[in-house]
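Subject: Structure handover

Hello,

Here is the structure you were waiting for. My notes follow below it.

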Amino acid sequence: MLLRHTPKEITERKALTINPAKTCQPIGAMYAALGVHGCLPHSHGSQGCCAYHRSALTRHYKEPVSASTSSFTEGASVFGGQANMLQAINNIFTVYNPEVIAVHTTCLSETIGDDLPQIKKKAETEGKIPAGKHVISASTPSYSGSHVTGFSNMVKAMADMAEPTGKKNGKVNIIPGWVEPADMEEIKRLTSMVGVQTILFPDTSGVLNGPLSGEYKMFPDGGTTVAELKSSGDSIGTLALGEWCSADAARFLDKAHKVPCSVLDMPFGLKATDRFIDALRTVAGVTVPDELSMERGQLVDLISDMHQYFYKKKVALAGDPDQLIAMTEFLVSIDMCPVHIVTGTPGKKFEKRIREITKDMGCEVNVKAKGDLFQLHQWIKNEPVDLLICNTYGKYIARDEDIPLVRWGFPILDRQGHQYFPTVGYKGGLRLLEKILGVIMDRKDRDDPEETFELVL
Ligand code: SF4
């Protein structure tokens with residue numbers, strides 16, 4: 001009963017967040033950077049920030065996460081971090097020899113006002129960046145936005161590596177957004193089934209869900225290559241999956257290099273996956289293969305089998321905007337009622353989009369961007385739900401209110417395996433349904449009196 005002091009009565013709060021539904025920008029920038037092959041994320045700030053970001057990612061993905069830091073001390077805090085950054089670039093290329101250093105700022109370097117593009121120029125002038133190597137950078141102040149904003153900013157910096165040749169490469173850029181490595185793998189499987197050649201960036205598959213081979217590789221085999229990023233400016237189009245995570249990079253490629261883009265929802269659930277497959281089919285001018293129609297049919301079959309248990313069940317959700325939008329649509333499509341929805345990431349259009357998706361659901365919806373888990377808990381106290389879908393931090397609410405919990409999103413610190421099992425696409429939809437029904441039925445088995453305790457349902 002860790003949250004037993006959460007009051008049922010809701011009073012207005014303006015300048016106080018309790019139990020945030022987000023984390024800090026550089027974590028997103030670091031995760032994105034790990035999706036580039038041979039890239040070392042670099043945290044421009046103090047060691048504590050870098051240690052926290054690395055450990056947050058390691059605890060979720062259960063893999064070692066390498067990153068370097070500018071190691072600010074009192075001197076850098078007063079005079080700026082340029083000297084530390086220049087020294088770091090020199091050391092990193094000399095000692096670790098990455099293809100790319102992906103630098104993100106922290107609260108401290110942002111407050112000082114360090115100008116990363118200017119520092120990069122100085123490093124080039126001083127010959128600290130070896131030929132053929134790259135330094136990219138993103139501004140990620142944590143006192144605004146969230147880990148989602150940081151992810152998006154770093155992905156935009158990747159798009160800035162595009163070097164169009166003027167000759168189209170026949171490929172489609174896919175920006176998957178912040179999804180699990182297994183989801184990125186699944187997106188690649190779907191695109192290859194449809195027969196579309198793609199450049200997926202970032203791509204953490206094979207990096208944060210790689211095999212245990214007995215040999216440590218500082219730069220694992222996976223990740224989008226620098227050559228692919230350069231070629232992204234020659235692609236025939238870009239599909240950005242998620243307005244918050246991926247749209248900025250896609251629009252940049254559209255504006256700077258005339259690579260037309262479509263911004264779609266993340267392909268969680270039946271409808272969003274349909275739209276993704278349809279967009280792939282359209283942009284590449286191909287037809288959908290029978291195997292994929294078969295997968296879709298299996299998902300439809302499972303939905304109809306399980307529907308009786310989902311009907312009108314109330315759900316509370318917390319997480320990141322792109323994921324929540326697709327998940328809410330999926331839940332509504334199977335006749336569940338997502339009634340409380342919170343994201344810690346700012347953006348009023350999130351609330352608007354959720355209201356559109358839920359408008360015909362037939363019940364009131366509480367939705368808040370830049371909200372927190374305290375608020376979600378209070379809503380649940382006032383209107384109880386049958387299911388909570390949230391990251392690990394939801395377990396406190398689930399325990400206090402005795403609600404079945406499906407762990408989904410970032411971070412998941414107290415369970416394993418999420419990096420290996422996709423939840424995108426039709427196959428991912430099967431997994432989501434199985435997880436949801438599993439916890440609902442476990443609860444029923446626990447609570448049913450003996451005379452209604454059934455072996456077969
Ligand atoms: S100081 Fe800022 S960047 Fe560093 S860990 Fe805290 S919120 Fe994140």
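I start with a proline: Pro202 sits in the loop that runs between strand E6 (198–200) and helix H9 (226–231). The bond joining Phe201 and Pro202 is a cis peptide bond, with omega at about -5°. Please keep in mind that this is a predicted model, and that the values here are computed from it.

A second cis peptide bond joins Phe410 and Pro411, and its omega is about 0°. Pro411 also belongs to a loop, in this case the one between strand E13 (405–407) and helix H17 (425–447).

One further backbone detail concerns Lys370. Its phi is positive, about 60°, although Lys370 is not a glycine. This residue lies in the loop between strand E11 (366–369) and helix H15 (373–382).

Domains

The domain assignment splits the protein into domain 1 (25–154), domain 2 (172–288) and domain 3 (303–451). Between domain 1 and domain 2, the C-alpha centres are 24 Å apart. The contact between these two involves 20 residues of domain 1 and 17 residues of domain 2. On the side of domain 1 that touches domain 2, the elements that give two or more residues are H1 and helix H7 (147–159). By class, that side of domain 1 has 11 nonpolar, 7 polar and 2 charged residues.

Helix H1 and its partners

H1 has contacts with both H7 and H2, and I take H7 to begin with. The axes of H1 and H7 come within 6 Å and cross at roughly 40°, which makes H1 oblique to H7. The crossing is right-handed. From H1, the residues in this contact are Gln25, Pro26, Ile27, Gly28, Ala29, Tyr31, Ala32 and Ala33; from H7 they are His147, Val148, Thr149, Gly150, Phe151, Asn153, Met154 and Val155. Sorted by class, the contact of H1 with H7 consists of 10 nonpolar and 6 polar residues, with no charged ones.

Now for H2. Helix H1 (residues 25–33) and helix H2 (residues 47–61) have axes that come within 9 Å and cross at roughly 60°, so H1 is oblique to H2. H1 passes H2 in a right-handed crossing. On the H1 side the contact is made by Pro26, Ile27, Met30 and Tyr31, which meet Cys49, His53, Ala56 and Leu57 of H2. The contact of H1 with H2 has 7 nonpolar residues, 1 polar and no charged.

Helices H13 and H14

Helix H13 (residues 321–333) and helix H14 (residues 348–358) also come within 9 Å, axis to axis, and cross at roughly 10°. H13 is therefore roughly parallel to H14. Pro321, Ile325, Thr328, Glu329 and Val332 in H13 meet Phe350, Arg353, Ile354, Ile357 and Thr358 in H14. Here the classes are 6 nonpolar, 2 polar and 2 charged residues.

The ligand

Which residues surround the ligand? They are Cys24, Pro26, Gly45, Cys49, Tyr52, Thr106, Cys107 and Ser142. By class, this shell divides into 5 nonpolar and 3 polar residues, with no charged ones. Pro26 and Cys49 of the shell also take part in the contact of H1 with H2. Pro26 is, in addition, one of the H1 residues that meet H7.

Regards

Definitions and conventions: Residues numbered from 1 in each chain as written. Predicted model: local features only at pLDDT ≥ 70, side-chain atom pairs only at ≥ 80, totals over all residues. Near = placed C-beta within 6 Å. Nonpolar A, V, L, I, M, F, W, Y, C, P; charged D, E, K, R; others polar. Axes fitted to C-alpha atoms, helices over the stretch in contact; angles between N-to-C directions. Helix = DSSP H or I, 4+ residues; strand = E, 2+ residues; numbered from the N terminus. Parallel < 35°, antiparallel > 145°, perpendicular 65-115°, else oblique. Left-handed = near helix turned anticlockwise from the far one by under 90°. Contact = placed C-beta atoms within 7 Å. Domains from an automatic or database assignment.
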